[in-house]
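Colleague: Could you take a close look at one part of this model for me, and then show me how it sits among the rest? I would enjoy a connected account.

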Amino acid sequence: MRWPRQVASAAGLLVILAGPPVVLTYGIGWPLPARPTPDQWEQWVSEPLTEDTLMAGLILLAWMLWLLTATITLHTAAVRVKATIRRLRRVPLPTPMQATATGMAGAAALWTPTTSAVPVDEPAAPTTSNLHHSNPQRTAAAGVDVPGGWIPAETAQQIAAAGALVWLRRRRAYQPPPTAQRRDDSDLTPLPATVTTVQAALATTPTPPAAGPPARIPPGGVGLTGPGAADAARGILLTTLLQALRPTELPTTALITTRTDLHTLLGPHAPPLDGIPGLLLTDTLDQALTALARPDTPPGPRPTLLTHLPDGSTTTDIGEVLTHATAVLIGTWTHGPTWYVEADGHIETSGDRRRLCVLTPTAATDLLAVLSPTPTTTPATTTAPRQRPPTPVPPPEPPRRKRLHLQVLGDVALRSDDTPVPIRRSAALQILVALTIRPEGMTTRDLATTIWPGLPPITITRRLYTTLSDLRKDITTTDNPDPIHHADDRYRLDPQHLTADLWHLHTAIDHATTALTDHTHAHQAVIDHYTGDLATNHTWPWLDPTRETIRRHVIDAHTALATTTPDPGTRLHHLQDALRIDPYNEHLHHLAADTLTTLGDHQAAHTLLTRHRQRLTNAGLGRPSIPHSSKTWP
């Protein structure tokens with residue numbers, strides 16, 4: 001509590017202000033008379049250094065020191081009071097409508113039964129924007145800071161949605177290999193660090209406050225100068241291409257630039273971007289201007305030209321083309337406005353101070369990676385071993401002690417026997433799940449960069465220690481010893497004191513991949529141990545690779561059972577169970593449609609594929625990646 005410290009501070013201040021005057025007045029007294037006589041002045045002039053005058057000088061010095069101390073103390077207190085008053089004036093008072101809504105929400109919270117003490121992070125809904133206006137773990141009033149730049153809030157939501165589409169494309173394109181071959185999960189690489197940083201920020205604050213109006217590119221183009229001009233151009237490149245991800249009936253071009261400009265902005269190590277929707281790359285500026293001025297451009301917003309301003313007469317040609325078009329020109333634009341972009345993206349336009357998205361070449365390359373369509377061809381099956389996480393072998397259970405059980409498949413929950421153990425911090429819950437996925441342990445750096453991506457580990461080490469300390473307090477009791485061990489700079493969960501459903505599933509997966517006989521029972525054991533997606537209600541970006549790996553193991557078990565059964569009805573049952581696990585997978589839908597056709601239910605097969613195409617369209621995935629063709633079962 002803070003009030004004991006506040007009382008002690010007030011008492012100390014009172015002692016400083018009132019103590020010296022009391023001691024000087026009542027302990028020593030004032031040595032000089034109120035009105036010195038002429039004789040006393042003459043005596044002091046003739047003999048100034050007497051015992052009385054020296055004592056009076058020391059006392060005056062003591063009074064002056066006290067006066068200086070009191071002045072400094074009162075000035076500091078006045079500054080703090082003024083700051084408090086200004087802060088209170090800035091606190092917005094709720095409107096009557098807001099007060100009513102808050103009261104209703106409070107009443108609902110009191111009367112709604114609670115099933116878990118752990119907060120549930122809802123996924124951020126994708127939105128659209130053009131140009132807009134933190135810590136990577138906190139969404140600010142207008143945007144998100146990332147290593148190497150700043151991203152407006154709505155653009156950050158679009159990036160998170162594009163990252164989610166990457167994983168949906170991977171799910172759609174996956175095809176279980178034949179039973180005799182081993183699976184290659186090399187396509188399940190994590191998304192770039194800048195993307196995961198944005199996703200982590202939105203997972204912490206999924207609904208950012210509304211930002212101000214975006215800075216619109218004026219007709220006729222705008223020039224960019226200043227230390228942040230190139231970074232702002234990369235931000236405009238990203239935010240413009242994000243608009244092209246919105247599903248439309250016809251493909252449209254959102255941005256035109258030259259390969260030389262793109263090479264200059266992104267650097268020599270940038271991957272090829274020819275396949276990004278909405279981006280048109282040309283070899284020369286003249287070709288870009290020709291494409292921009294094409295009369296057969298489909299109706300709708302015209303594409304934006306992004307280029308460096310050349311020298312010579314070409315500038316006049318650009319001005320003529322841009323009469324009714326938009327362009328972002330790096331350099332001073334003589335035919336239109338020029339924005340001076342500060343290093344952090346701030347500009348002054350129409351008397352308003354606004355902020356553009358700014359990105360370094362590395363950050364822009366990371367974010368553009370999620371806009372490239374994922375190859376729809378399934379990776380060739382190889383002899384590489386399946387990904388099987390190491391599974392700890394639990395020793396005999398300690399006598400007369402309760403054992404903690406961690407559920408991470410489905411809703412995350414920690415129980416001591418049948419009693420729920422609440423975890424107060426979201427970061428602490430992430431640590432438990434991360435250590436469950438990595439039973440071999442994680443270093444301090446690994447944990448810090450996993451839970452708080454985008455921040456230097458050295459700056460968040462103390463936060464990690466605080467989170468671990470609170471987590472141990474939550475789960476450690478007389479009956480529940482601390483299950484988190486720390487040795488050789490590695491944290492791990494002790495299987496003597498804690499079990500996890502994921503570990504049992506890994507044991508079943510390992511047995512299914514190595515069993516020589518009774519494959520049916522082994523695959524069924526995998527299915528029985530799978531009770532839901534990994535941490536279903538959480539959107540932590542580091543979960544995606546492991547979550548998809550586990551989903552594929554279970555799909556493989558279902559398809560293996562479907563392949564080995566000769567009965568079409570039983571085969572359809574296994575395929576339907578697999579579709580409940582991944583309703584986006586095309587291969588499973590085609591297998592199920594073929595089985596329905598074998599059973600003679602052509603209408604059901606057609607309905608199944610139609611619903612699947614509609615689901616892909618609603619998710620923003622567009623058309624199916626492979627056409628439906630008749631398949632035969634072995």
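What I would like to know first is this: is Ala535 buried or exposed, and what is its relative accessible area?

Modeller: Happy to, with the reminder that this is a predicted model. Ala535 is buried, and its relative accessible area is 0%. A cut-off helps here: a residue counts as buried under 20% relative accessible area. The place of Ala535 is the loop that runs between α16 (519-529) and α17 (544-564). Its backbone is worth a look too, since Ala535 has a positive phi of about 50 degrees although it is not a glycine.

Asp489 makes a good partner for discussion. Its phi is near 60 degrees, again a positive value in a residue other than glycine. This aspartate also belongs to a loop, the one between β16 (484-487) and β17 (490-493). In its surroundings, though, Asp489 is partly exposed, with a relative accessible area of 41%, whereas Ala535 is buried at 0%.

Now for the wider setting. The chain has 634 residues, of which 43% count as buried. Its secondary structure comes to 20 helices and 18 strands. The chain exposes about 34,000 Å², with carbon and sulfur atoms supplying 59% of that area.

Positive phi values turn up again in a sheet, so to speak at its turns, and that sheet deserves a walk-through. It is an open sheet of four strands in the order β14-β13-β12-β18, with mixed pairing. The strands at the edges are β14 (419-420) and β18 (498-500); each has a single partner strand, so one side of each is left without a neighbour in the sheet. Helix α15 (residues 501-514) packs on this sheet and touches β12 and β18, its direction making about 55 degrees with that of β18.

Inside the sheet, strand β12 (residues 404-407) pairs with strand β13 (residues 413-416) in the antiparallel sense over four bridges. Leu404 has Ser416 of β13 as its bridge partner, and His405 stands opposite Arg415. Five residues lie between the two strands of this hairpin, and Gly410 in the turn has a positive phi of about 90 degrees. On its other side, β13 pairs with β14, also antiparallel, over two bridges. Here Arg415 stands opposite Pro420 in β14. The hairpin of β13 and β14 has two residues between the strands, and Asp417 takes a positive phi near 60 degrees in it. The two faces of β13 are unlike in cover: Leu414 and Ser416 make up the covered face, while Ala413 and Arg415 make up the uncovered one.

Another buried residue to set beside Ala535 is Asp470, in helix α14 (residues 457-475). Asp470 is buried with a relative accessible area of 15%. Leaving aside residues up to four places away in sequence, this aspartate touches Arg424 and Arg425.

Earlier in the chain there is an open sheet of three strands, in the order β1-β2-β11, with antiparallel pairing. Its edges are β1 (143-146) and β11 (358-359), each with a single partner strand, so one side of each has no neighbour in the sheet. Four bridges join β1 to strand β2 (residues 149-152) in an antiparallel arrangement, and the partner of Gly143 in β2 is Pro152. Helix α5 (residues 153-173) packs on the sheet through contacts with β1 and β2, and its direction makes about 90 degrees with that of β2.

To finish, here is burial on the level of whole elements. In helix α7 (residues 229-243), 14 of the 15 residues are buried, so the helix is largely enclosed by the rest of the structure. Its length also checks out: at 1.5 Å a residue, the 15 residues of α7 should span 21 Å, and the end C-alpha atoms are 21 Å apart. Strand β6 (residues 304-308) has four of its five residues buried, so this strand too is largely enclosed by the rest of the structure. β6 pairs in the parallel sense with strand β4 (residues 255-258) over two bridges, with Leu255 facing Thr304 of β6 as its bridge partner. Five bridges join β6 to strand β7 (residues 326-330), again parallel, and Leu306 has Val328 of β7 as its partner.

How values were computed:
Residues numbered from 1 in each chain as written. Predicted model: local features only at pLDDT ≥ 70, side-chain atom pairs only at ≥ 80, totals over all residues. Heavy atoms only, no water. Pairing = 2+ DSSP bridges. Contact = heavy atoms within 4.5 Å. Axes fitted to C-alpha atoms, helices over the stretch in contact; angles between N-to-C directions. Buried < 20%, exposed > 50% of the residue type's maximum accessible area, 1.4 Å probe, protein only. Areas by Shrake-Rupley, 256 points an atom, 1.4 Å probe, with all protein chains shown as cover. Expected span 1.5 Å × (residues − 1).
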